[in-house]
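Open the model in your viewer and keep the sequence panel visible. The stops below are selections to make in turn, with a note on what is there.

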Amino acid sequence: MNSEYSCRRIYLHAHKSAVKNDIHNLASRNNFPDKAMNEIDLIAAELASNHIKHDTINGRIKYGVFTDEKSGTYLEIISEDEGPGIPDYELALEDGYTTSSRSMGVGLGSVRRLSDEFSIKSSVSGTTIAIKKYAEKIPVIPEKKLMISVLTRPHPLENVCGDGYYIERFKNGACIAVIDGLGHGIHAREASACAEEYLRNNASKTSIKLLIDGLGEKLKKTRGAVASIMFINDDRGFMEFGGVGDISVHLYPKEDHISFQSVPGILGMKRREVKVQSYPWVSGRNMAVIHSDGISAKINLDDCMPEEKPDIIAHYIMNKYWRKNDDGTVMVVK
């Protein structure tokens, strides 16, 4: 039984075929059933295809077969890259959705459905997708309830976006963040990328307050940024928020409106102590909109149907409220 991951870089279709064959042979040697083998082939091919069709930076696939007393034998596949992130996050997770005729046509939504466990972290500076497939015992994993979409636009005179974002789904909810590097252009992107990397390594391990403190230290080597972080616990029905600087948060419906207070300041420079705010979160009722100051704070969603999916609402906000004189980022969570 393997106890370490193998890894292949994915740049060409030949690499996709090679990693698919490696994973197939590894699963076969460990006696995975025929049905699981077919699903593993689709998962491996789709994850590898995504690196090619989206031209990811340093795209790679790690894989291995492991065992533990609780779950038995399982195959783990981890797809990693260092950008450009997933712009239509929620759309990409719809079953059957794919953006290219060159793909296997199953999409990330189907990868999630075919996997026994599925997790995803994504930001502008990288995406990590981890799946597990069990040889025998298949645990029941609750369906994720939260739907999340994010859109970014660079300043019209820049080639890169100085804003950033972070999304990490947990078993019972998610951590989401919007980051705005000071100014725009490459140095603003460097600050946002630094914050994204810090959150990727720490978001699942600690509290919002300590994350803000950590970002404050980490961003001292950059020009600085403002950011807001939100944890949503869908199972227990509450959300927590903490932020520094001009990142706006709106909670819907209107009768649940609350003013989320970010403290003045800049991460990496001077700022006040963050006060983490908690508020009830009702799945299927509440919607949160978080955006950078490149989006007008005067958002009116009266014309935007509450039944619409987050990606539709995010596009509506971006098209109508982006100022077009700064980077713009909007994230919608339902």
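Start with the salt bridges of this predicted model: the count comes to 12.

Select arginine 60 and glutamate 80. They form a salt bridge, with the closest N and O atoms 3.1 Å apart. Arginine 60 lies in strand S2 and glutamate 80 in strand S3, 20 residues apart, so the pair links distant parts of the chain. Both arginine 60 and glutamate 80 are buried.

Next, select lysine 121 and glutamate 168, another salt bridge, where the closest N and O atoms are 3.8 Å apart. This pair connects strand S4 (residues 117-123) with strand S7, and its members are 47 residues apart. Lysine 121 counts as partly exposed because its relative accessibility is 24%, while glutamate 168, at 5%, counts as buried.

Move to arginine 271 and aspartate 213, whose closest N and O atoms are 2.9 Å apart in a salt bridge. Arginine 271 sits in the loop between strand S11 (248-252) and S12, and aspartate 213 in helix H6 (residues 208-218), 58 residues apart. Arginine 271 is partly exposed at a relative accessible area of 27%; aspartate 213 is partly exposed at 24%. Add Lys209 and Glu273 to the selection: salt bridges with shared partners join Lys209, Asp213, Arg271 and Glu273 into one network.

Now show the strands. An open antiparallel sheet of 10 strands has the order S1-S2-S3-S5-S4-S7-S8-S9-S10-S12. Strand S1 (6-9) and strand S12 (277-280) are at the edges; each has a single partner strand, so one side of each lacks a neighbour in the sheet. Direction ignored, neighbouring strands are turned by 15 degrees against each other on average.

Within the sheet, select S7 (residues 163-170) and S8 (residues 173-181), an antiparallel pair joined by 8 bridges. One residue to label is isoleucine 167, whose bridge partner in S8 is isoleucine 176. Helix H1 (residues 13-29) packs on the sheet, touching S1, S2 and S3, and its direction makes about 5 degrees with that of S2.

Helix H2 (residues 34-53) is the next selection. At 1.5 Å a residue, its 20 residues should span 28 Å, and its end C-alpha atoms are 29 Å apart, which agrees. Of these 20 residues, 16 are buried. Aspartate 55, which follows H2, has a positive phi near 50 degrees.

Finish at aspartate 326, in the loop between helix H7 (310-321) and strand S14 (328-333). What is the nearest side chain of opposite charge to this buried residue? It is arginine 323, 6.7 Å away, and aspartate 326 has no salt bridge. Contacts of aspartate 326 beyond four places in sequence include Arg153, His155, His184 and Asp293.

How values were computed: Residues numbered from 1 in each chain as written. Predicted model: local features only at pLDDT ≥ 70, side-chain atom pairs only at ≥ 80, totals over all residues. Heavy atoms only, no water. Helix = DSSP H or I, 4+ residues; strand = E, 2+ residues; numbered from the N terminus. Buried < 20%, exposed > 50% of the residue type's maximum accessible area, 1.4 Å probe, protein only. Lys, Arg positive; Asp, Glu negative; His and termini not counted. Salt bridge = Lys/Arg side-chain N within 4 Å of Asp/Glu carboxyl O. Contact = heavy atoms within 4.5 Å. Expected span 1.5 Å × (residues − 1). Pairing = 2+ DSSP bridges. Axes fitted to C-alpha atoms, helices over the stretch in contact; angles between N-to-C directions.
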